Amino acid sequence: FVHSVQPTPRHPTAPLQNRTAHRGFRRRYSASHERAASAAKRLSELVDNLLNVSKIERGNFELNIEEESWMNLVKGITDQLKVNGKNKNIEVELIETQEINVIVKVDKVRISEVLSNLITNAINYTPEGGKVWVSVEVSDNKIITHVRDNGPGIAAEAQTHIFTKFYRAKRSLEQGVYGTGLGLFMSKSIVEMHQGKIWFSSELGKGSTFSFLIKLINMYQKP
């Protein structure tokens with residue numbers, strides 16, 4: 001099915017999204033509007049993810065590489081997702097231990113999806129009142145970005161499957177966290193297409209840290 005779907009100007013879920021966004025629908029079905037709109041959004045995300053996975057597997061997933069300020073990108077995404085954290089009383093903090101001004105060659109949209117996915121996962125799996133830390137370090141002409149949380153951690157038996165397509169750990173189902181099981185698979189694929197690397201460490205009861213690195217094309221650090 002996925003291979004037969006061709007990108008068109010009109011998204012496959014557009015009729016449903018347009019319907020739930022219509023003012024008349026909101027007035028008449030106000031009680032169920034929010035649930036319907038949320039379901040339409042999730043369906044749209046699923047279709048987009050399936051199409052992107054198909055492109056990745058066929059080698060048709062293209063990157064639009066440009067020079068970007070990495071810290072500006074990280075700060076922008078972190079600030080956007082702080083609102084999501086507040087909804088669960090979770091603090092999302094960007095730790096800046098040194099002033100770093102680095103330029104990288106990346107597809108801004110795709111690499112932003114990677115960082116957004118990691119921070120969103122940390123928020124989703126961290127209990128109310130917890131904390132998420134985002135940090136950046138420079139090492140051997142590479143920029144490494146970490147997303148750490150003090151959530152429940154990942155069970156040992158699940159850790160070998162974390163980047164597997166469609167895999168969802170038992171904790172996801174127990175906590176009722178929505179997901180397609182594609183986010184980390186796509187994140188790993190995107191990072192590797194940037195000639196980078198993604199990994200994690202986790203311990204039950206102590207939280208998880210997801211990290212990824214990409215190469216620098218220029219580096220300037222103020223003393």
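In which strand is Thr209 found? Select Thr209 and the ribbon around this residue: Thr209 is found in strand S7, where strands (E, at least two residues) and helices (H or I, at least four) are DSSP runs numbered from the N terminus. Keep in mind that this is a predicted model, in which local features need pLDDT of at least 70 and side-chain atom pairs count only at pLDDT 80 or more, while totals for chains, interfaces and linings use all residues. Residues are numbered from 1 along each chain as its sequence is written, and side-chain values use heavy atoms, with hydrogens and water left out.

**The whole chain**

Show the full chain, which has eight helices and eight strands. Of its 223 residues, 42% count as buried, meaning under 20% relative accessible area with a 1.4 Å probe and protein chains only.

**Strand S7**

Return to Thr209, which is buried with a relative accessible area of 17%. Leaving out residues up to four places away in sequence, Thr209 touches His146, Val147, Arg148, Trp199, Phe200 and Ser201, a contact being heavy atoms within 4.5 Å. Add Trp133 to the selection: this residue lies 76 residues from Thr209 along the chain, and the two C-alpha atoms are separated by 9.1 Å.

Next select Ser208, also found in strand S7, which covers residues 207–215. Ser208 is buried, with a relative accessible area of 2%, and its side chain makes a polar contact with the side chain of Ser202 at 2.7 Å; such a contact is a pair of N or O atoms within 3.5 Å, where within protein one must be able to donate a hydrogen and the other to accept it, and residues adjacent in sequence count only if both atoms are side-chain atoms. Beyond its neighbours within four places in sequence, Ser208 is in contact with residues including Val147, Asp149, Gly153 and Ile154.

**Helix H5 and its partner H8**

Now move to helix H5, residues 108–125, whose 18 residues should span 26 Å at 1.5 Å a residue, in agreement with the 26 Å between its end C-alpha atoms. At the N-terminal end, Asp107 caps H5, with a side-chain oxygen 3.1 Å from the backbone nitrogen of Val109. Colour the buried residues of H5, among them Ile111, Val114, Leu118 and Tyr125.

Finally, display helix H8, residues 183–193, which packs against H5 at an angle of about 140 degrees with the axes 9 Å apart; axes are lines fitted to C-alpha atoms, for helices over the stretch in contact, and angles run from 0 to 180 degrees between N-to-C directions. Where they meet, the residues of H5 include Arg110, Glu113 and Asn121, and those of H8 include Leu184, Ser187 and Ile190.

Conventions: Buried < 20%, exposed > 50% of the residue type's maximum accessible area, 1.4 Å probe, protein only. Expected span 1.5 Å × (residues − 1).
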